[in-house]
Amino acid sequence: MSDNTRATGYLPAWLYLALVALVTTLGIAIAMALRPAFANSVLEFLHLQATPQAARNSFYAVRVAPLFENHCISCHGERRQKAALRLDSYAFALRGGRHGTVIRAGDIKHSELMERITLPPSDDRAMPPEGKTPLSPDEIKVIRLWIGAGASPSIKVAAIKGAPRLVRDVAIPNFDLAQAMRQRATLAAEVDRLSRRYPGLLSYQSRNSADMELDASSRGAAFGDADLKAFAPVTSRLVRIDLSGTGITDASASLLAAMPALKALRLANTKTGDNLVAALVPLKSLKSLTETGTGATQASLASLRARGVTIYGDGDAK
Amino acid sequence: MIPSPFLDQCRLQADTRRQFLGWGMGGLGAMFLNSALAAPAKPGASALQIKRDPTTPLAPLPPPFAPKARRVIYLHTGGSPSQLELFDYKPELIKYNGKDCPEALLKGKRFAFITGVPKLMGAMYPFHRSGKSGAWMSDRLPHLEKHVDDLCIINSMRTDQFNHAPAQLLVQTGDPRIGHASLGSWVTYGLGSQNQNLPGYIVMISSSSTTANAGKPLWGSGFLPSVYQGVQCRAAGEPVLYLDNPKGVSRAQRREVLDAVDEINRGTFRQLGNPETVARIAQYEMAYRMQLEASDAMDITREPPQVLARYGAEPGKTSYANNCLVARRLAERGVRFIQLYHWGWDSHGTPVDQGLNVGLVDCCHATDQATAALLTDLKSKGLLEDTLVVWGGEFGRTPMQENRGGQEMKYIGRDHHPAAFSMWLAGAGIKGGMTHGATDDLGYDVVRDPVEVRDLHATMLYLLGFDYRSFSYPYQGLDQKLTGVKPARIVSDLLA
């Protein structure tokens with residue numbers, strides 16, 4: 001038997017491989033034609049199409065993404081992808097899931113996502129499923145307006161009129177603990193000395209800052225101008241001072257006037273008056289002053305008020 | 001030592017390696033008794049330290065980040081006032097007054113007492129816009145109305161409890177079951193107290209006869225050390241029962257007794273190492289110091305007559321008005337968390353004192369003037385700037401008239417309604433003169449900006465300088481949080 005006859009039962013290797021490639025490509029092509037979401041992911045994978053990115057200040061990023069985040073991504077996100085759907089990025093959301101796209105730009109009626117979130121919670125197809133918090137009418141309106149406006153990744157917040165304003169979470173202030181500790185270290189010796197001499201009066205405003213508060217109100221009249229002067233070395237860091245009911249007088253005016261960081265000052269029931277109030281006017285950080293039971297008059301307080309300082313007290317009564 | 005499985009268990013639960021190494025032997029020597037009247041804080045345990053000293057559990061601690069609020073006054077209106085008679089104005093509901101409640105609102109819903117098809121009922125009292133902010137209020141709270149521009153009224157509160165005790169526990173402890181730490185306990189645990197001669201967390205109740213549905217667990221410390229529980233003070237007589245020395249016992253003799261008791265307690269602590277023993281020693285010592293300061297703080301006869309008149313306070317009586325005045329005196333003295341309870345807002349319409357037409361009017365009358373006077377005082381003394389005032393009950397009341405047992409009732413009332421209710425906040429870090437959230441036209445469901453109880457708690461903690469996500473206490477294998485395990489959020493719209 002020659003080699004030629006032996007080969008008759010088999011395809012040549014090149015043809016076999018070509019056929020496999022053809023069938024695979026056809027399959028992929030059909031799948032791509034039937035499932036635009038799949039097509040997008042293939043094109044993106046092959047770098048034939050850019051992955052759509054939402055602009056940072058877009059309506060999507062500011063209004064829509066937080067809603068998906070709150071209501072959807074526990075099942076349609078990075079960790080779980082029920083029905084192969086992810087809603088944790090603009091690209092994923094537009095791509096859709098196992099059963100096709102869920103968002104059709106500009107077509108609210110045929111966007112499955114719209115249909116699902118507006119079904120009554122008892123419906124089997126309702127999203128989020130029964131037991132989870134449904135989207136509020138305002139939240140649904142936000143999504144409807146966005147899809148209606150073309151489900152764009154870039155349209156600006158202001159460009160979609162009538163979108164209800166949704167409440168957003170508050171960011172907890174970031175802090176640099178190491179920096180705060182370095183700042184604390186520069187005054188540590190003084191702070192230590194003062195807390196020995198005046199136990200309990202001085203405290204850091206928070207666990208992550210070097211800003212300090214002085215509360216001498218528990219000392220009463222025994223705490224006078226000389227005592228306040230002892231705190232001169234730490235004035236640069238004092239943000240809040242409570243001298244209510246202490247024995248301080250206008251003699252402390254110049255000391256208080258040299259506190260650049262001071263935000264709140266309480267002088268209730270002290271023998272202070274207009275001279276001290278006048279000294280406070282240049283303090284740029286000062287936000288509030290309590291002057292109940294002091295000699296400060298309305299006229300002198302007016303200049304502080306004009307600067308935007310909130311005045312608590314009975315100045316009006318005098 | 002008497003062998004006891006309970007004590008053994010306490011010891012096993014209490015001991016940690018760190019405690020064992022840290023507290024060592026005899027380190028507790030002269031820990032408390034060296035000062036008859038402690039300074040506001042001991043030098044060694046000053047607020048500059050973050051480390052918790054178990055022997056001074058109430059020493060002031062700075063919060064994790066800069067706070068807006070330094071103390072809280074919580075006015076709990078137990079029984080739950082009708083939001084539809086006070087803050088949530090629903091003209092459509094008035095239009096459908098007396099009509100059958102639509103089927104859609106009843107389907108699949110469960111009520112505490114309503115059965116069958118109840119009638120819709122509009123507000124019993126006229127509403128009007130008030131203050132510069134133009135917030136809607138009824139005519140029932142004329143004194144509070146003068147402060148409306150300082151209030152942040154939330155008309156979109158929601159809860160998931162529709163019976164008093166669990167709902168009260170939810171607003172006060174973050175969980176409907178008994179055993180969780182109350183708001184005040186969390187706050188004093190996190191911040192200590194500014195005044196070491198008074199409890200950091202004081203509870204006052206308007207009436208000596210009516211008690212809370214959920215009882216004392218409302219101000220319990222739950223899984224937190226018991227030193228952080230609320231101390232209930234009385235408006236008449238001794239502020240705390242048996243605080244004064246018995247007749248014929250001098251302060252010096254009291255000291256001797258305490259020294260002996262402390263000696264025994266220290267011995268117990270050495271044997272068992274239970275931190276609860278430390279709490280007990282600390283509480284004896286605080287009671288001793290309180291003998292001097294508490295009587296003064298609670299004594300409203302020291303207030304001028306015009307102030308008493310402004311609150312409607314009458315010394316010697318047990319009343320909400322007296323408690324409001326005391327609350328202000330406590331706030332001035334650096335008490336961290338002041339909790340008032342006023343019961344009687346449960347307007348079902350069953351007995352006359354639970355009618356919207358009688359009981360609610362009485363409750364408004366008994367509280368309105370004093371609440372307003374408290375706000376006035378806090379404001380003029382500059383305390384409102386860093387005091388957070390919270391007012392509210394545990395749930396709302398139905399837009400339908402109650403028809404207990406399907407019957408028409410003798411007095412007019414509304415049933416429990418967890419789906420929507422109103423509260424207000426004022427003071428530290430709160431945006432005044434605003435109304436937050438909205439219900440639908442019938443006042444049945446929240447349609448805009450819902451605020452869950454845990455959102456309120458997250459917001460309160462934020463104002464006090466805490467992140468609700470990280471402020472936790474390890475118990476039963478879980479880092480317990482006030483806001484629980486469901487997602488909460490800080491309600492940014494309420495913040496100034």
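**Exercise 1. The sheet of chain A**

In what order do the six strands of the open sheet in chain A stand? Work out also which strands lie at the edges.

*Solution.* The model is a predicted one.

Step 1. The order is β1-β2-β3-β4-β5-β6, in an open sheet with mixed pairing.

Step 2. The edges are held by β1 (202–204) and β6 (310–312) of chain A. Each of these has a single partner strand, so one side of each lacks a neighbour in the sheet.

Step 3. From one strand to the next, the twist averages 15°.

Step 4. The partner of β1(A) can be checked by its bridges: three of them join β1(A) to β2 (residues 212–215) of chain A, and the two strands run antiparallel. Within this pair, Tyr204(A) is placed opposite Met212(A).

**Exercise 2. The domains of chain A**

State into which domains chain A is divided, and give the separation of their centres.

*Solution.* Step 1. Domain 1 covers 25–169 and domain 2 covers 177–317.

Step 2. Taken over C-alpha atoms, the centres of domain 1 and domain 2 of chain A are separated by 54 Å.

**Exercise 3. Two helix pairs**

Classify the packing of α4(A) with α7(A), and that of α12(B) with α13(B).

*Solution.* Two values are needed: packed helices are described by the angle between their axes and the distance between the axes.

Step 1. Helix α4 (residues 59–71) and helix α7 (residues 137–148) of chain A pack at about 135°, and their axes are 10 Å apart. This angle makes α4(A) oblique to α7(A), because roughly antiparallel would require an angle over 145 degrees.

Step 2. The crossing of α4(A) and α7(A) is left-handed. On the α4(A) side, the residues that meet α7(A) are Phe59(A), Tyr60(A), Arg63(A), Val64(A) and Leu67(A). On the α7(A) side they are Glu139(A), Val142(A), Ile143(A) and Trp146(A).

Step 3. Helix α12 (residues 320–332) and helix α13 (residues 359–380) of chain B pack at about 15°, with 8 Å between their axes. Angles under 35 degrees count as roughly parallel, and α12(B) and α13(B) are therefore roughly parallel to each other.

Step 4. The crossing of α12(B) past α13(B) is right-handed. The contact includes Tyr320(B), Ala321(B) and Cys324(B) of α12(B), and among its residues from α13(B) are Ala366(B), Thr367(B) and Ala370(B).

**Exercise 4. Strands of chain B**

Which strands are joined to β11(B) by bridges? Describe also the hairpin of β2(B) and β3(B).

*Solution.* Step 1. For the setting, chain B has 14 helices and 17 strands. Of its 496 residues, 52% count as buried.

Step 2. Strand β11 (residues 421–427) of chain B is mostly covered, with seven of its seven residues buried.

Step 3. Strand β4 (residues 151–158) of chain B runs antiparallel to β11(B) and is joined to it by five bridges. Here Met157(B) has Phe421(B) as its bridge partner.

Step 4. Strand β8 (residues 387–392) of chain B also runs antiparallel to β11(B), through four bridges. In this pair two tryptophans, Trp391(B) and Trp424(B), stand opposite each other.

Step 5. The hairpin strands, β2 (residues 127–130) and β3 (residues 135–138) of chain B, are antiparallel and share four bridges. Phe127(B) stands opposite Ser138(B). Four residues lie between the strands, and Gly131(B) has a positive phi near 65°.

**Exercise 5. Helix α14 of chain B and Val453(B)**

Is Val453(B) buried or exposed? Place this residue within its helix and name its contacts.

*Solution.* Step 1. Val453(B) belongs to helix α14 of chain B. This helix (residues 453–463) is mostly covered: 11 of its 11 residues are buried.

Step 2. Val453(B) has 27 other C-beta atoms within 10 Å. The cut-off for a buried residue is 20 or more, so Val453(B) is buried.

Step 3. With neighbours within four places in sequence left aside, Val453(B) is in contact with Thr159(B), Leu170(B) and Val171(B). For the helix, the buried residues of α14(B) pack against α7 (164–173), β8 and β15 (451–452) of chain B.

Step 4. Val453(B) and Leu360(B), 93 residues apart in sequence, are 24 Å apart from C-alpha to C-alpha.

Step 5. After α14(B) comes Gly465(B), with a positive phi near 95°.

Methods. Residues are numbered from 1 along each chain as its sequence is written. Chains are lettered from A and ligands numbered from 1 in the order in which they are written. This is a predicted model: local features need pLDDT of at least 70, side-chain atom pairs count only at pLDDT 80 or more; totals for chains, interfaces and linings use all residues. Domain bounds come from an automatic or database domain assignment. Two strands pair if DSSP finds at least two bridges between them. Axes are lines fitted to C-alpha atoms, for helices over the stretch in contact, and angles run from 0 to 180 degrees between N-to-C directions. A residue is buried if 20 or more other C-beta atoms lie within 10 Å of its own, exposed if 12 or fewer, and partly exposed in between; C-beta atoms are placed from the backbone. Angles under 35 degrees count as roughly parallel, over 145 as roughly antiparallel, 65 to 115 as roughly perpendicular and the rest as oblique. A crossing is left-handed if the near helix is turned anticlockwise from the far one by less than a right angle, and right-handed if clockwise. Two residues are in contact if their C-beta atoms, placed from the backbone, lie within 7 Å.
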